[in-house]
Amino acid sequence: MTEMVSALAKTFAIAREGVDDQRLARDIVYNAGRLAWRLREGKQARGGLATEYKTSVSDVVTEADRAAEQFVAEALELLRPDDGVVGEEGASRPSKSGRVWVIDPVDGTYNFTRGSDYWCSAIALVEGSDGSPEAVAENPDRLILGAVHRPAMGYTWIGGPSIPTTLDDKPLPRLDATNHSADHECLGTYLHPTFMKQPGIRSAWMAVVEEFASVRMLGSGSVDLASVAHGELGAWVQHSVKSWDWLPGKALVEGVGGTAHRVDAQGVTWSIAGPTAVVDTIDQALRTGGTSSPASSTAAPASSFIADEGESADSAREDPLPWASSAYGEDVDRALRLADAADAITMKRFLSSELQVSAKPDMTPVSDADLDTERALRGLLSTECPDDEVLGEEFGGEPVLPGRQWVIDPIDGTKNYVRGVPVWATLISLMVDGYPKVGVVSAPALGRRWIGITGEAAWALGNGTASSSALRKLSVSTVSNVGDSSISMSSLEGWKDRGLREAFVSLTDDAWRLRGFGDFYSYCLVAEGAVDIAAEPEVSLWDLAALVPVVEGAGGTFTSLAGESGPQGGDALATNGLLHEAARRRLTDQR
């Protein structure tokens, strides 16, 4: 392993001779993250990564951490021989230039070892005159830049106090361009359970929590801080933070006009970052250790930090979401979070000249976006619900009965996706005892989502966050005659292969109109009442599982051509119910 990493570092250095610090930081953190990612994926297939505990069961180090840090340290030695180095896993080299690179090869290693995608590789460049690289990193005279790469999402942030922060080379909006208030923001934080037993620290932390609309503890400080810079989290606070966990993200926040500093309170040092007004609120709450400030008079109660993950500051003050009382309400919220993660990957690659496409054994196309999306969703599910089974189009699995199983089609409509046609979607379903109970269909290029719970209801959502006011409850049509019906199909080829082309054409000839909306969209339009009949002669479980709750939740009927309820028959017919048996008999030539 050591020799292989050294070879990678030499190859990397040769290709980047003469690049500036920003380009070097961006490239080195990207390659370190990808190295760790590949090692984890490869080792898991062969029995798992070698893992050791440092200070506790949640403070771990793997061979991937050490390999990634070795790569960065050796590449820097070749490209910046006068600069110092300090790394979380022990890398250390004195500085001749006064500059020190601070390395966190895998930030969020506990998440990393559990298969979660919430981790990153991070690096910062600082300057100082305190002697050892460790001393310079702990108390730098100047923070020059920071870079963070999150491999599962493909994101790379870079910025600094004098370098406007970018995400994948695109500038981020400045935090100081708009007003911010803690009681409308989500706080990112972490507090180890052992510190909850210390009254002073606990009370200070709770005083901060009480100021915010919602709180998240996700387990990677650098990803959290990048999310603050990105505007996805409203602020961040944690005590006793190491320099490698703090400096890269601090640079990113300062690069968008935010504030990032440290304050001593309750016997420990707290690191705080976010918009200046929100940081001031946190600072005051920590110093007073529980005394409320005027800003907290409208804040959410302290219990909001355990609120449902799908709840936003705005939705907390609206009517409850319509599925809140359902037995599957939490699963709907989880599926929507998965859809958010999928959209972030698929939209970034859609229409990109860098999209990589290959052919599967059945000669259907698959893109790197399909693979990365399914991989990311599997990682999230392994963290949130490790006991649930997962089946997906790209990485397989077997249907299970009984029990809970998530079924994923990362991109339904890949042929459209790779050609730039916006009709494609991520399909996410929860099956219980072999039947779909929850379905979420996310079509971000169309700006649409569909949500369904079998036997309960279905809804459509346009662009924006799910809220009770933005959702539209769905109901199928009341058309009862084939002559008045609208039919949607994907193609005629499969009907010909099944020997049913003439039966299908005969049905469409008698209908009011035929359209080829195709794939998921046909079924979602049945649920909306815009189409009355949708049918396909050849489909897989992942093509249909998410669509069953949407159609049935809207009052429709979903079976195979043989009349078997659900998505497992290898073909599909979805209707408004009134037309179902007539359409089924005609499509199977049983008139």
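The following paragraphs describe the overall composition, one β-sheet with its packed helices, selected salt bridges and a surface patch in a predicted model.

The protein comprises 591 residues, of which 57% are buried, and its secondary structure consists of 18 helices and 29 strands. Among the contacts in the protein with a separation of 6 or more, 63% are made by residues 24 or more positions apart. The accessible surface amounts to about 24,000 Å², and carbon and sulfur atoms supply 49% of that area.

An open sheet is built from five strands, which follow one another in the order β26-β25-β27-β29-β28 with mixed pairing. Strands β26 (513-515) and β28 (557-559) occupy the edges, and because each has a single partner strand, one side of each is left without a neighbour in the sheet. From one strand to the next, the twist averages 15°. At the β26 edge, strand β25 (residues 486-488) runs parallel to β26 and is joined to that strand by three bridges; S486 has R513 of β26 as its bridge partner.

Two helices are associated with this sheet. Helix α15 (residues 519-528) packs on the sheet through contacts with β25, β27 (533-536), β28 and β29 (572-575), and the direction of the helix makes about 150° with that of β27. Helix α18 (residues 580-587) lies across β27, β28 and β29, and runs at about 150° to β29.

Side chains of opposite charge can pair when their charged atoms come close. In the model, the count of salt bridges comes to 31. One of these is formed by D21 and R80, whose closest N and O atoms are 3.1 Å apart. This pair links distant parts of the chain, since D21 belongs to helix α2 (residues 21-44) whereas R80 lies in the loop between α3 (63-79) and β3 (84-87), 59 residues apart. Both D21 and R80 are buried.

Other salt bridges are formed within a single helix. R23 pairs with D27 at 2.5 Å between the closest N and O atoms; because the two residues are four residues apart in helix α2, R23 and D27 are separated by about one helical turn. The two partners fall into separate accessibility classes, for R23 has a relative accessible area of 37% and is partly exposed, while D27, at 8% relative accessibility, lies under the 20% limit and therefore counts as buried.

In helix α18, the side chains of R584 and E581 likewise meet in a salt bridge, with an N to O distance of 2.9 Å. R584 and E581 are three residues apart in this helix and so are separated by about one helical turn. Here the arginine, R584, is the buried partner, at 11% relative accessibility, whereas E581 is partly exposed, with a relative accessible area of 40%. Beyond individual pairs, salt bridges that share partners join D331, R334, R337, E384, D388 and R404 into one network.

On the surface, M1, M4 and L8 form a nonpolar patch, and together these residues have about 240 Å² of accessible area. L8 is placed in helix α1 (residues 2-15) and is partly exposed, with a relative accessible area of 33%. Because patches are made of residues with over 30% relative accessible area and no salt bridge, the 33% of L8 satisfies the accessibility part of this criterion.

Definitions and conventions: Residues numbered from 1 in each chain as written. Predicted model: local features only at pLDDT ≥ 70, side-chain atom pairs only at ≥ 80, totals over all residues. Heavy atoms only, no water. Pairing = 2+ DSSP bridges. Axes fitted to C-alpha atoms, helices over the stretch in contact; angles between N-to-C directions. Contact = heavy atoms within 4.5 Å. Salt bridge = Lys/Arg side-chain N within 4 Å of Asp/Glu carboxyl O. Buried < 20%, exposed > 50% of the residue type's maximum accessible area, 1.4 Å probe, protein only. Patch = residues over 30% accessible without salt bridge, like charges linked within 9 Å, V, L, I, M, F, W, Y side chains within 5 Å. Areas by Shrake-Rupley, 256 points an atom, 1.4 Å probe, with all protein chains shown as cover.
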